[in-house]
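Work through the exercises below with the sequence and the model side by side. Try each task before reading its solution.

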Amino acid sequence: MPKVRLRRALVALLALIAIYGIAAEIGRGRLPDRIWMGSHYVENVQLLPTFGALAEEGTFLLESRILAESIVASSRRVLIGVLLGSLIGILLGLGTGWAMRFEHLADPWVTLFRFTPALALLPLYVAWFGYGETSKVLLIATGVAVVALLGAHQGVRGVPRAYLDAAASLGAGKRLVFRRIVLPLALPAILASLRIAIALAWVTIVVAELIDAKMPSLGYLLALSGAYPRVPQMLIALATLAALVLVFDFAVLLLHARATRWMKRTAS
Amino acid sequence: MTAPVLEAVDVSYTYPGPTPTKALDGLSLEVKDHEFVALLGPVGCGKTTLLRIFAGFFQPAAGTVRCGGSPIGAPGWQRGYVLQEEAIFPWMTVRENVEFGLLAKGLDAPARRTIGDEMLTLIGLSAFEAAYPKELSAGMSKMVEVARVFATDPSILLLDEPFGALDAQTRTRMQDALAGVWDRLRKTVLFVTHDAEEALYLADRIVVLSPRPGRVKAEFAVDIPRPRSMETRFSAGFLTLKRRIWETT
């Protein structure tokens, strides 16, 4: 079944590429190559670059190692930010879900962060920590922590009463209940929230990098390609970002599948 | 005459809320050592409430409950409790389920394994030790829950309609399985059910409760010899008693 699904996905992807290729060929020579940038005209713009133009740009980006280095730099920021943010968020969420007293104490703080879009903190973090790694990683961590916290909190609160009662009457103490009942049951919700958090982390890093004029960085590569504008570079940067989000998401999906092996599955 | 192991004297309980519901009203009950008592009554008569009081989840609003002569405290393995709802841990294998109470008791792995083996053999599910509950039928799941409680070696078992959600045939099979386990271990059992035949087949004594608020309406000693079988269900003694119970309820 998954094999069939994979094949269908591949077919759909190839169709998309083919349609793009045809559109680009039709557009060649017909689309305007001179565009108004608000204050000046730019000549020789390929609005819909052909495969040839994309291959040429791709070769340049690969041979100059710009793309590889940008992928590493941006992925590293996302990875560290996600790890830091999810660690803090999960611990807090488990705490607020498990202990009422802790929830009441933590709630005002959580609410404050929850209703502040993480991206809005960008100028503040830049002012505090400067451009560079710290402000970016912390910005991602802030956004991720809030989402992971909510996931962990809901996960703990969703543990059915019957399991807790059964465990208590089997003589299980609080620590055992937490480790063997609450944690495994909260894990699927935590991992589901991490998938959302990772998508958010990539949005955050692109925005944070757009305003930091320093390579290597996928976000700034995108900013540069927009300044000329250089559409082939833009498309390659976008496709790379999409692929990276997919890879990160797939990694969490694998963890999620492992953590839910015991669940009843409806026929897929 | 031995002293009662489980005792309720004049117990009342009211569920709080916008419409407070009086579940139990001045109920008194005794269960003796090694006795199998069935608590029989219609849905909503407070059977589960009484069991949860004995298990230690609720405090009675009035009256006293005692276990082995002392007041009942927090829930614990000494009073093994099988919930009415499905409470097998679906994220654990069958063996991990059966051995969970032993883990809570602090037994080491080899000791858990020995008792786990014994219990799995007793309920005939040794082949399923590594399976997750999703692979079990509803009847098998419930037997795992019963075995999980038996494994901790409680002095008293509180069973809340363990076979209530099963079809008639499976229920009969599970009753035989339970009777078999009980014959070997002879624990004190308080068994809640709304099925008169099930009560008769399993119990030494049947306590009939009135509709809400629950109080004891009648009591019947079941002097039918063990082991009981399919023949028992159609014997004259069984049917006479069944009729008498039907007439009181």
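**Exercise 1. Describe the overall build of chain B.**

Step 1. Count the elements: chain B has eight helices and 10 strands. Helices (H or I, at least four residues) and strands (E, at least two) are DSSP runs, numbered from the N terminus.

Step 2. Check the compactness. The radius of gyration of chain B is 18 Å, close to the 18 Å from the globule rule for 249 residues, so chain B is as compact as a globular protein of that length. The radius is taken over C-alpha atoms, and the rule is 2.2 Å times the number of residues to the power 0.38.

Step 3. Box the chain. Along the principal axes, the C-alpha atoms of chain B fill roughly 45 × 45 × 40 Å.

Step 4. Look at burial and contacts. In chain B, 44% of the 249 residues count as buried. Buried requires 20 or more other C-beta atoms within 10 Å of a residue's own, exposed 12 or fewer, and partly exposed lies in between; C-beta atoms are placed from the backbone. Among contacts in chain B with a separation of 6 or more, 71% link residues 24 or more positions apart. A contact needs C-beta atoms, placed from the backbone, within 7 Å.

A note on the source: this is a predicted model, where local features need pLDDT of at least 70, side-chain atom pairs count only at pLDDT 80 or more, and totals for chains, interfaces and linings use all residues. Residues are numbered from 1 along each chain as its sequence is written, while chains are lettered from A and ligands numbered from 1 in the order in which they are written.

**Exercise 2. Place strand S7 of chain B in its surroundings.**

Step 1. Test burial. Five of the five residues of S7(B), 156-160, are buried, so the strand is largely enclosed by the rest of the structure.

Step 2. Separate the faces. In a regular strand, side chains alternate between the two faces of the sheet. One side of S7(B) holds B:Ile156, B:Leu158 and B:Asp160, the other B:Leu157 and B:Leu159, and all are buried.

Step 3. Find the neighbours. Strands pair if DSSP finds at least two bridges between them. S6(B), residues 79-82, runs parallel to S7(B) with four bridges. Five bridges link S7(B) to S8(B), residues 188-193, also in parallel.

Step 4. Follow B:Leu159. Its bridge partner is B:Val82, and in S8(B) it stands opposite B:Phe191.

Step 5. Trace the connection. From S7(B) the chain passes through helix H5(B), residues 168-185, to S8(B), in a right-handed β-α-β crossover. Right-handed means that, with the strands pointing away from the viewer, the path from the first strand over the helix to the second runs clockwise.

**Exercise 3. Find unusual backbone geometry in chain B.**

Step 1. Recall the norm. Most residues other than glycine have a negative phi, and most peptide bonds are trans.

Step 2. List cis bonds. The bond from B:Arg212 to B:Pro213 is cis, with omega near -10 degrees. B:Pro213 lies in the loop between S9 (205-209) and S10 (216-221) of chain B. The bond from B:Arg226 to B:Pro227 is cis too, with omega near -5 degrees.

Step 3. Check phi. B:Asp153 has a positive phi of about 60 degrees, and phi of B:Glu161 is near 40 degrees.

Step 4. Which of the two is buried, and which is partly exposed? B:Asp153 is partly exposed, with 15 other C-beta atoms within 10 Å. B:Glu161 is buried, with 23.

Technical notes
Two residues are in contact if their C-beta atoms, placed from the backbone, lie within 7 Å.
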